[in-house]
Structures are given as C-alpha cells and as structure tokens.
Amino acid sequence: MKDNSYLWFLLMMQNVINKVESIKYTSILLAHGTSTAESIQKVVNNLAGNYIFEAFDMPIEASVNDINKLVYKYLVEQKAREKGIILLFDMGSLNQMFTKIKHSLDKELLVVNNITTATALDIAMRVQRQENFNEIATKAENYGHYLGVQYFEGLSNKKNIIVSCLSGLGLSKAIKDIMEKSLSTTHQIFTMDYRKLHSYIDNNNEHFFKNTDLIMTTTDFKTNLDLPIVNIYDILDQKGFSKLRMYLQDMGEQDKNIDDVLEKFLKFLTIEGIKDRLNFLNPSMVIDEVETIVKKYEDYYNVQFSGKIKLNLYMHLSLMIERVLLNSDKQNMTNFFRDEKAKEFQSVSKTIFKPVEMKYNIVINDFEISLIYELIENYI
C-alpha cells in the first residue's frame with residue numbers, strides 16, 4: 001500500500017514539475033510593502049493553476065537600483081528562461097527599470113508599471129496558454145493609460161515621428177493631425193509632453209531614438225545628440241523647409257505631400273493668429289479665399305513665396321478683408337502707382353480681388369493694394 005502511495009505521489013509531483021517546466025517565461029511580481037506582491041502572487045498562481053509568478057516584497061524606501069540588483073541576482077541564480085522575462089512592479093521609473101535590467105541580461109523583456117491583480121492574472125493566463133512574447137506584450141499595452149508598459153529598447157519599436165510643443169498637447173495634436181492627413185508615411189506619429197521628451201533627450205543617447213526619423217517641435221532643443229529635430233516655425237524659411245523636406249524624403253515621402261504639409265501648416269498658423277482678431281468673418285472660411293489670392297499672385301509673377309512671406313500675406317489679407325468690409329472709406333492713392341511695375345501690380349490686383357469683392361460686396365481700394373505691394377514688392 002505504501003509503495004502505491006509513493007508511486008502516486010511521484011506521479012503527482014512529476015505532473016506538477018511538467019506544468020511548471022512548460023512555462024516559457026520568467027515572470028516576477030515586485031511591490032513595495034510587507035505582503036503586497038505575495039498576496040497578488042498567491043491569488044494569480046492559484047487561479048492560473050500553475051506557478052507563473054515569483055514574488056518579491058520590497059521595503060518602501062527601496063530604490064530602482066536596489067530593485068534591479070535583487071532582480072538581477074534572482075535571474076542569474078535561477079537561470080532566466082531564454083524566451084523572455086516578464087516583470088510587473090508597483091511604482092517607480094519605468095524607463096530606468098527597463099534599461100537597467102535590459103542591459104544586464106540580453107533577453108526579451110516586458111516591464112509593466114502600476115500592477116493590479118487583474119492585469120497580473122491576464123498575463124499569467126496568457127503565459128499559461130503559451131502565447132508568444134510579442135503578443136503578450138502588445139496586449140499589455142491595452143490595459144489602460146494608468147499603466148506603464150515597455151517591451152522594447154528605446155523610445156519605440158516602430159519607425160516614428162514625434163510631435164512635442166512647449167505650449168501643450170493641443171498644438172501638438174493639431175500638428176500631428178495635419179501630418180497624418182497629408183503624408184502617406186507608415187511611420188507612427190505620436191505626441192509627447194515637452195518636458196517628458198526633454199527628459200528622454202537629457203538622459204539617453206542616440207540609440208534610444210534609433211527608430212525616430214523626425215522630431216517636430218516649436219522650441220529649439222540644446223543637445224549634443226545627433227537627432228532629426230525640426231522647429232515648425234523654422235520651416236517658414238527656405239532653409240528650415242529644405243531640412244524638413246530632406247527628412248520626409250528619406251522616409252519615402254512624395255514632394256507633393258511635403259508641399260501639402262507646409263500649406264496646411266501655414267493655414268493652421270494663420271487661423272491661430274487671426275481667430276481672436278476677427279470679429280465678423282469665419283477664419284476657416286476666409287483663409288481659403290486668401291490662399292487662392294496668394295496663389296494667383298504666384299502664378300502671375302511666376303514666383304513661389306517662402307512660408308514666412310505667405311504667413312504674413314495670409315494674416316494681412318484675412319484682416320484686410322474684414323477691415324474693408326466694416327469700413328467702406330476709399331482712400332485715393334493715385335500718386336502711389338507711378339512706375340510701370342507698380343501700375344501693373346495695381347491692375348493685376350484689381351482682377352485678382354474681383355471674386356472676393358463680388359462675394360462680400362466690397363471694393364479693395366488703392367490704399368489696401370499699396371500695402372500688399374509693399375509686402376511683396378521685392379519678391380515679384
């Protein structure tokens with residue numbers, strides 16, 4: 001009878017060993033406190049029906065360095081599984097935790113911050129089902145914004161464009177939307193808090209940004225890193241726009257799409273500049289009419305105005321139309337258009353403005369035309 005019991009015990013133990021050994025990944029729970037990690041571990045391992053997670057409870061004052069040393073010691077002693085490491089912890093710097101452990105052990109690594117029993121259980125069940133590492137990591141990104149998730153070295157594992165503006169995520173999102181609508185690139189375009197990006201740049205090297213092909217900002221960065229940074233306001237000048245064109249062309253972008261991005265940037269910046277100064281006209285509507293007017297000047301004189309000149313013209317013309325609409329006084333400027341170039345500009349302008357005059361029942365007088373002439377005289 002004893003022999004049968006011993007045999008049964010061996011068979012049961014072998015079954016348990018086989019289940020544990022079937023697990024492909026080394027999974028660890030880390031939490032500050034006396035029993036937080038162990039409590040989650042007991043619940044999760046019991047529900048998963050297998051020993052998925054090892055648990056470590058850390059003193060409240062434990063630093064990232066302390067945690068890294070403990071994890072590294074455990075992984076070396078236990079010979080971390082070749083398929084990868086899954087680390088869930090409760091608080092701290094996600095980027096620091098990932099970088100230190102990744103550099104210590106060259107294996108696939110998934111780090112999840114702000115753990116809960118529910119997220120730990122979901123990962124445990126996926127490990128138990130032997131899902132592949134990237135699938136588990138990708139699913140982890142969907143747990144919620146309050147969680148930090150990292151499973152690749154660097155800022156992103158995909159080719160990307162970063163948009164980060166000092167004035168906030170609202171402006172960054174607007175720029176991102178323009179780029180997504182105009183460009184055909186398959187690059188991931190994402191917005192980032194300016195201070196967060198600045199921190200990444202200060203604390204990392206070029207390798208961290210290895211998949212970043214362009215950073216769009218509204219503020220110049222002072223950095224020793226060789227990064228593809230373009231200030232959106234610089235593209236209004238030819239030099240800045242040529243720099244942007246070069247980066248986008250290297251991504252395989254077509255010239256017509258790059259030109260479209262610049263045009264949409266100009267319209268957006270114009271609307272931002274005039275929306276609080278127009279009392280009557282709709283900025284989004286008048287900008288289309290203004291764009292047409294500028295294009296007619298370019299076509300007639302066979303020129304292409306720089307972004308900065310266009311922005312000045314867009315804003316000036318938008319405000320001019322409302323000014324004339326609200327003030328019908330006609331100033332006589334017959335003495336202004338004396339040379340042939342000025343007279344030609346006067347005549348051309350009257351033709352160009354005819355559709356707007358008919359739409360708003362106004363007359364663009366010679367004084368207003370003279371102001372436009374002064375703005376672009378040196379470029380036509």
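A salt bridge here is a side-chain nitrogen of Lys or Arg within 4 Å of a carboxyl oxygen of Asp or Glu. With that in hand, welcome to a set of close-ups from a predicted model.

**Figure 1. A salt bridge inside helix α10 joins K264 and D260.** The closest N and O atoms of K264 and D260 are 2.7 Å apart, which fits the 4 Å limit. Both residues belong to α10, where they sit 4 residues apart, or about one turn of the helix. In general, an α-helix has 3.6 residues a turn, so residues three or four places apart point the same way. K264 has a relative accessibility of 31% and therefore counts as partly exposed. D260, at 27%, is partly exposed too.

**Figure 2. K359 and E289 form a salt bridge between two helices.** Here the closest N and O atoms are 2.3 Å apart. The pair links distant parts of the chain, with K359 in helix α14 (residues 354-360) and E289 in helix α11 (residues 283-301), 70 residues apart. Is E289 buried or exposed? Its relative accessible area is 14%, so E289 is buried, the limit for that class being under 20%.

**Figure 3. D366 and K350 form a salt bridge between α15 and α13.** The closest N and O atoms of this pair lie 3.2 Å apart. The two residues connect distant parts of the chain: D366 is in helix α15 (residues 366-376), K350 is in helix α13 (residues 340-352), and 16 residues separate them. D366 counts as buried because its relative accessibility is 14%, whereas K350, at 37%, is partly exposed. Elsewhere, salt bridges that share partners join D122, R126, R129 and E131 into one network. A search of the whole structure finds 21 salt bridges.

**Figure 4. Helix α13 packs its buried residues against other helices.** Which residues of α13 are buried? They are A342, F345, Q346, V348, S349 and I352. These buried residues pack against α11, α14 and α15. The length of α13 can be checked as well: at 1.5 Å a residue, its 13 residues should span 18 Å, and the end C-alpha atoms are indeed 18 Å apart.

**Figure 5. Helix α9 has a buried side and an exposed side.** The 13 residues of α9 (residues 238-250) should span 18 Å at 1.5 Å a residue, which agrees with the 18 Å between its end C-alpha atoms. G240, F241, L244, R245, Y247 and L248 are the buried residues of α9. Why do they count as being on the same side of α9? Because they cover an arc of only 165° around the axis. On the other side of α9, Q238, K239 and D250 are exposed. The cover over the buried residues includes β8 (212-217), β9 (229-231) and α10 (255-274). Just after α9, look for G252, which takes a positive phi of about 90°.

**Figure 6. Four strands make an open sheet with parallel pairing.** Their order is β7-β6-β8-β9. β7 (188-191) and β9 are the edge strands, each pairing on one side only. From one strand to the next, the twist averages 20°. How many bridges join β6 (residues 160-164) to β8? There are 5, and the two strands run parallel. For a landmark in this view, find I162, which stands opposite I215 in β8.

**Figure 7. L278 lies in the loop between α10 and α11.** With a relative accessibility of 8%, L278 counts as buried. Not counting residues up to four places away in sequence, L278 touches P283, V286, S318, L319 and E322. One of these, S318, is 40 residues from L278 in sequence, while the two C-alpha atoms are 8.4 Å apart in space.

**Figure 8. A step back shows the whole chain, with 15 helices and 9 strands.** What share of the 380 residues counts as buried? The share is 48%. Among contacts between residues at least 6 apart in sequence, 69% join residues at least 24 apart.

Notes
Residues numbered from 1 in each chain as written. Predicted model: local features only at pLDDT ≥ 70, side-chain atom pairs only at ≥ 80, totals over all residues. Heavy atoms only, no water. Expected span 1.5 Å × (residues − 1). Buried < 20%, exposed > 50% of the residue type's maximum accessible area, 1.4 Å probe, protein only. Arc of directions from axis to C-beta. Contact = heavy atoms within 4.5 Å. Pairing = 2+ DSSP bridges. Axes fitted to C-alpha atoms, helices over the stretch in contact; angles between N-to-C directions.
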